[in-house]
Amino acid sequence: MSERRRAEIEAKRAKLEELRKARAERQRAETERRAAEAATPSKAKRLDVEWIVNDLLGPELRSSPASVDHTPITSTPGTPSIGHTVSLPGPSSLSLSTSGRVSRQSDVGSDRYNSNSTQVFTINSSTDHVIDRAITPRFYADLIDVEQELFVLPQKERVIYNKEVQTTEVETEPTWRREEDAKDVKQRLSKEVVDVEAEQLAREKELEQESIKLEQEIEQEIRELTEEERASILSAPEFLEFVEMSSKIVQRALNDNYDYIRDYTVGTESGGDDSEGKRVKRVCEFHDERYGKNRSITDVDWSPKFPELSVASYNKNPAALNEPDGIVAVWNLHLLERPEFVFHSQSDVLSVAFSPFHSNLVFGGTYSGQILLWDTRSRHLPVLKTPLSAAGHTHPVYAIQIVGTQNAHNLITSSSDGTVCSWLVDMLAQPQETLELVHGGHSKTAEVAITCLDFPASETTTFWVGTEEGHVYQANRYDRAGAKAGLNQHEVYRGHAGPVTGVHFHPIVGPVDFSDLFLTCSVDWTVKLWRARSLGASAAAAAAAVTHGGKVGSGTGGLGSSVGIAPIYSFDEADDYVYDVKWHPAHPALFGMVDGSGKFDVWNLNTDTEVPAVQTTVGSGRALNKLQWDHKEGRRVAMGGSDGRLYVYDIGDMAIPRESEWADMQKTIVGMSGGGGSYGHTQTNGVVLPSSLSSSTSTSLLDLGSSSGIMGR
C-alpha cells in the first residue's frame, strides 16, 4: 500500500475519533444539565418568577389589577408627575402634589379625604360636600410656609436607584396580556427546545452512520491482498512504467555529488599545485552487470542537446544465448547504476551515433550490415531498420556519420566490403545513393575494405576512408570538377603498416583554418598527422602521372599510377595498438588517443610533439576501443573499454585555449612540414618506408576484421 493511501486511512481514523469525542462531550453536557434541573426546588423557581414579574409590573399594579391609573409610581428624578397627588396625615383636608405645592381639596374636585388621612381617588364624589369641609385660612397660611420647606423632598429621593431610574416613561401592557405573552414565549421556547433536540438526534445519527461507513472503508482498504491480486498489480505495465520512471528520478537525485553541508564562509587555500590544470580526473564509470557482462564497447558518442547523456554500443555476449546479440545503452551522468535507455539488436552493434538534429534518435550500424534507428520515446526495439538485401550493406558496418544541415541531411554508412551508402533518416527501406569503392591497383581484389570514415568540416561530398590494408583514400559522393564519383584512383595516403582504426579531421574553430589536417591511428602503434590535398592538386597529380606513363607511383607497391602521399608527422609513443584518435573540439593543438594497454594520452602540439602532455591508465588496464569528446566544451571525454565499461574523464583547464594557440599551432605545422619528404614517397618523418614492408604487413593483417571487428578483446 502506498504512503498516500496510508495517509488517507490515518486521516479517516482521526476524523472518526473526533466524531466520537464530540458525541461524548454532548452527551456529558446534556446529562449535567438535566441533573442540575432536577436538583433545583420548584419553590425557588416560583420565587424567581414572582420576583421577575414584580420587577416588571410593580407591587401596586399586581395587587390592584383593576386600578385605572396605570402610570408608574416612580419617575425621572427632578421631574414632577402630572396629576398625581399625595395626602398628608392629619385632620386637615389639604393635598400635596409631588410638585411641592399645596392645593385645596376644592381644587382637586374628584378626591375624598378618608379617616386614615389618605386621599382616595373617587370619580363619583360630590363637589358640594367637599366645599362644606373647606380648610380654614390659618391652616392655609401654615401650608404656605411649609411649601418652601417641602420643595426639597424630591432631592432626597435621588439617592435611591433601581432599574426604573433614568428611564423614560413607557406605557405598559395589562398584566393579563403579559401572562398570555409569557405563555406564548414558553410554548415557543418549548417548541424550539424540542426542535433543537430533534436536530441534534438527527445529527448524531448521521455522524454515527458516517463513522460506521468510515470504519467499513478502512477495514476494506487495509485488507491483505491475495497472491493473485499482488501478482497482477506487480505485472501491470502501468505499474512497471511508474516504478521505472520514479526510481530513475530518485537515483538521479541520490547520484548528484553536490555537497549539501558545504560551508561557504570558509575560503579556499590561496596556494595551488604546479600541476593544476594539467591533471586528468575520472568523473564516473558506467557499467551494468545485466547488460555489459562479457561484452565490449565498440563505439561511443555524446548527445548534441543534453550534455549529460552519452551512448555506447556493445557486441555479443557469447555466454548469454537468450539475450540480444547487440545492445545500445544511453547513460546519464546523474544516473550511474543503470542506463537511461537500453536498445536491442539482432546483431552486434559496431557503430553508433546520436542524431545532431533530433535529440531522441539514435543510429547504429551492425555486424550483419543492417542500419538501425532507435527512438528514446519508444521501446527497446528499433523503429526503423534497413532490409537484409543487396540494396544495402551485407558486410559489417564500422563507420556511420550524419552530414548536412537541419533541413537537408543524410546518413552516410560504410561497410568492410567497400560499399558506401547514403540514407534518408526517415526512409531506410533502400539507400538514396550507393558507391562501390574499388581500386585497380589491388592484386587480389579490387574492393577496398573500409574500417573508418570521416568528412572534413563543412563538407558533404568529399570524404576520406581508412582501410584494412593500412592506406587512406579520398572519395567523392558525386561527380565534381576535376574528380569523379567514387574512389580517387590517383592518390594514396600511405604511411601505416597495419589496418587503420581511426581517422578524424580537424574542426573549424578560431581565426586560422586547419580543416585540411587530419589524424589517423593504426594497429602499427602509431598516430600520424596528414594534410589533405585539394581537388585541384589531385587533378594536377593525376595529369602528371599520366604524362610519366605511370612511373611516378613506382614506389607504391603495385598501385599503378597512384601518387603516394606521406604524413606530415608520426607520433610513435604508444606501446600497443592505437584504436582511436580524436581532435579536441575547441583547442586547435590538442588531441586524444587510446590504445590496447588501457592508456589515454592527451597531446598538445604547441607544448611538445615527442611525448603526450598527460598520460593516464584508465580502469583496470584493459584495451580502450573508442573515445569521444563532448560537443559542448570539450572538458569531458568518454572512452569505451573492452571490459564493457564506459569511462568519463575530465581534462580540466587543458580544454581552454589561449588566444595565441592558433598562431602557435600554425608555427608548429610549418616546422613539421619542413622536416617531411617530398610527395610520391612513402616515408615517416623523412624516413622512406620500403614498399615491400608496407605490402606484406597490410596483407598479414587483413584477417583482423572478425565478428568483433578490429576492436580489442
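A residue is called buried here when its relative accessible area is under 20%. The model on screen is predicted.

**Stop 1: strand β21**

Select residues 472-476, which make up strand β21. Five of the five residues are buried, so the strand is largely enclosed by the rest of the structure. Now colour the two faces separately. In a regular strand, side chains alternate between the two faces of the sheet. On one side of β21 are Val472, Gln474 and Asn476, and on the other are Tyr473 and Ala475. Both faces are covered.

**Stop 2: the neighbour β20**

Add residues 462-467, strand β20. β20 pairs with β21 in the antiparallel sense, over five bridges. To find one of the contacts, select Val465, whose bridge partner in β21 is Tyr473. The two strands form a hairpin, with four residues between them. In that turn, click on Gly470, which has a positive phi of about 100°.

**Stop 3: the neighbour β22**

Next select residues 486-487, strand β22. Two bridges join β22 to β21, and the strands run antiparallel. Which residue of β22 is the bridge partner of Asn476? It is Gly486.

**Stop 4: a nonpolar surface patch**

Leave the strands and select Leu225, Ile233, Leu234, Phe239, Leu240, Phe242 and Val243. Together they make a nonpolar surface patch of about 600 Å². Helices α9 (227-234) and α10 (237-255) are the elements that each give two or more residues to the patch. The largest share, four residues, comes from α10.

Finish on Leu234, in helix α9. Its relative accessible area is 45%, so Leu234 is partly exposed.

Key. Residues numbered from 1 in each chain as written. Predicted model: local features only at pLDDT ≥ 70, side-chain atom pairs only at ≥ 80, totals over all residues. Heavy atoms only, no water. Buried < 20%, exposed > 50% of the residue type's maximum accessible area, 1.4 Å probe, protein only. Pairing = 2+ DSSP bridges. Patch = residues over 30% accessible without salt bridge, like charges linked within 9 Å, V, L, I, M, F, W, Y side chains within 5 Å. Areas by Shrake-Rupley, 256 points an atom, 1.4 Å probe, with all protein chains shown as cover. Salt bridge = Lys/Arg side-chain N within 4 Å of Asp/Glu carboxyl O.
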